[in-house]
Amino acid sequence: MRREAVLILALALSALAIVATACGGGSSSTTTVTPSPTGTTATPRPSPSPIISVISSTADLVEQLRPSVVHVQTEIGVGTGFIIDEEGHIVTNNHVITIDTVQPANQITVTLADGSSYAASIVGRDRPTDLAVLKIDAEGLTPITLGESSQLRAGEDVVAIGNALNLPGGPTVTKGVVSALGRLIEDEDPTSDIVIPDGIQTDAVINPGNSGGPLVDMRGRVVGITTAVIRGANAEGIGLAISIDLAKPIVAELIEEGQVNRGFLGVSPTQITPDLAETFNLGVDHGVSLQEVTSGSPADRAGLQPGDIIVNIDDTEIRNIGELFQALIKYRAGATVEVEFYRDGNPQTTEVTLGERP
């Protein structure tokens, strides 16, 4: 089969993707969402507290959490964040504090539940996962408790807290359930590199201004970070959150290093499905097809080409885009990995020395 056919079909699939709108008050993007496997849990910073009892009253839950949730204001809009330690570190979405998808905001103001406001500095940002860490110089802060999204079940009650539409009077509270787990959140813009595996789908109402806010379980623990909502004539009650298990190691590295030094491959992937494989006789029914290979990138130097289908990186099977993303997180720039792929239906292997993300 010609590789051109794979590319044409990949573009067709992109055109049929579900469209969503990021829920930050100051900026927006379009995302697609498809199933992906649950991510692995890494050692967090800070460590989650011991198991605590379910809080029977939503009002009591909100009262407990309110001091930990903050209002984030920039020159371009409004979002939400939450305090994770007494040193003043605050987690939010990268798009909340970013101008034109690239440049950081020049001025960021964080307002606490008691009405006090502080200038915030950016500790680090990670565009691919849409995560950012801010810091304020304040005393007497109330850190929120981080949970484990791997313990969530579909149908479990959750609460979203955020500055929806920047309405006066403090954050908005909405309640719903975990609608689905293991969602893959992608930006539909082909120039974007946002790929968030292991997303949480919820029917708790999410609106512009909610971005970066906590999605919490009924024990008062953060299980997700609200980041987008699917909108459209046929879409209702589909909010998306970054799982806290994915966020923990990213947040820890942003605090320690100021950035995430994941290995860079230099490709634009498209997911292979069994139906696609059968229709075009691809020789493999899973993996990610390379829609584009950046000129001069590690993938290009290793001989990978558009239309190739990656199925393995070292000892990690790659069945979808989420697994490709998770595999690359394990490696740093300069690491050499063995990549197994299919080209024109034939299995091949190459070694790729990963680079630094531009």
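A cavity is a set of points, on a 1 Å grid over the protein atoms alone, where a 1.4 Å probe fits but cannot get out. Grid points are joined across faces, edges and corners, and a volume is the space filled by probe spheres set on the points.

The model is predicted: local features need pLDDT of at least 70, side-chain atom pairs count only at pLDDT 80 or more, and totals for chains, interfaces and linings use all residues. Residues are numbered from 1 along each chain as its sequence is written, and side-chain values use heavy atoms, with hydrogens and water left out.

**Figure 1. The second largest cavity and its lining.** The structure contains 2 cavities of 30 Å³ or more, and the second largest encloses about 50 Å³ of space. Its lining (residues with an atom within 4 Å of a point) comprises 10 residues, with Ile84, Val91, Leu146, Ile244 and Val251 nearest the centre. Helix α3 (residues 244-257) gives the most to this lining, namely 4 residues; helices are DSSP runs of H or I with at least four residues, strands are runs of E with at least two, and both are numbered from the N terminus. The lining divides into 8 nonpolar residues, no polar ones and 2 charged ones. Here Ala, Val, Leu, Ile, Met, Phe, Trp, Tyr, Cys and Pro count as nonpolar, Asp, Glu, Lys and Arg as charged, and the others, Gly among them, as polar.

**Figure 2. The hairpin of strands β10 and β11.** Strand β10 (residues 121-126) and strand β11 (residues 131-135) run antiparallel and are joined by 5 bridges; two strands pair if DSSP finds at least two bridges between them. Asp126 stands opposite Leu131 in β11. The hairpin has 4 residues between its strands, and Asp130 in the turn has a positive phi of about 55°.

**Figure 3. The surroundings of Tyr342 in strand β24.** Strand β24 spans residues 336-343. Tyr342 counts as buried because its relative accessibility is 19%; buried means under 20% relative accessible area, exposed over 50%, and partly exposed in between, with a 1.4 Å probe and protein chains only. Residues up to four places away in sequence aside, Tyr342 touches Leu282, Gly283, Val284, Gly307, Asp308, Ile309, Val311 and Pro347, where contact means heavy atoms within 4.5 Å. Gly283 lies 59 residues from Tyr342 along the chain, yet their C-alpha atoms are separated by 7.5 Å.

How values were computed:
1 Å grid on protein atoms, 1.4 Å probe; cavity = no way out; pocket = protein on both sides within 12 Å on 5 of 7 lines; lining within 4 Å.
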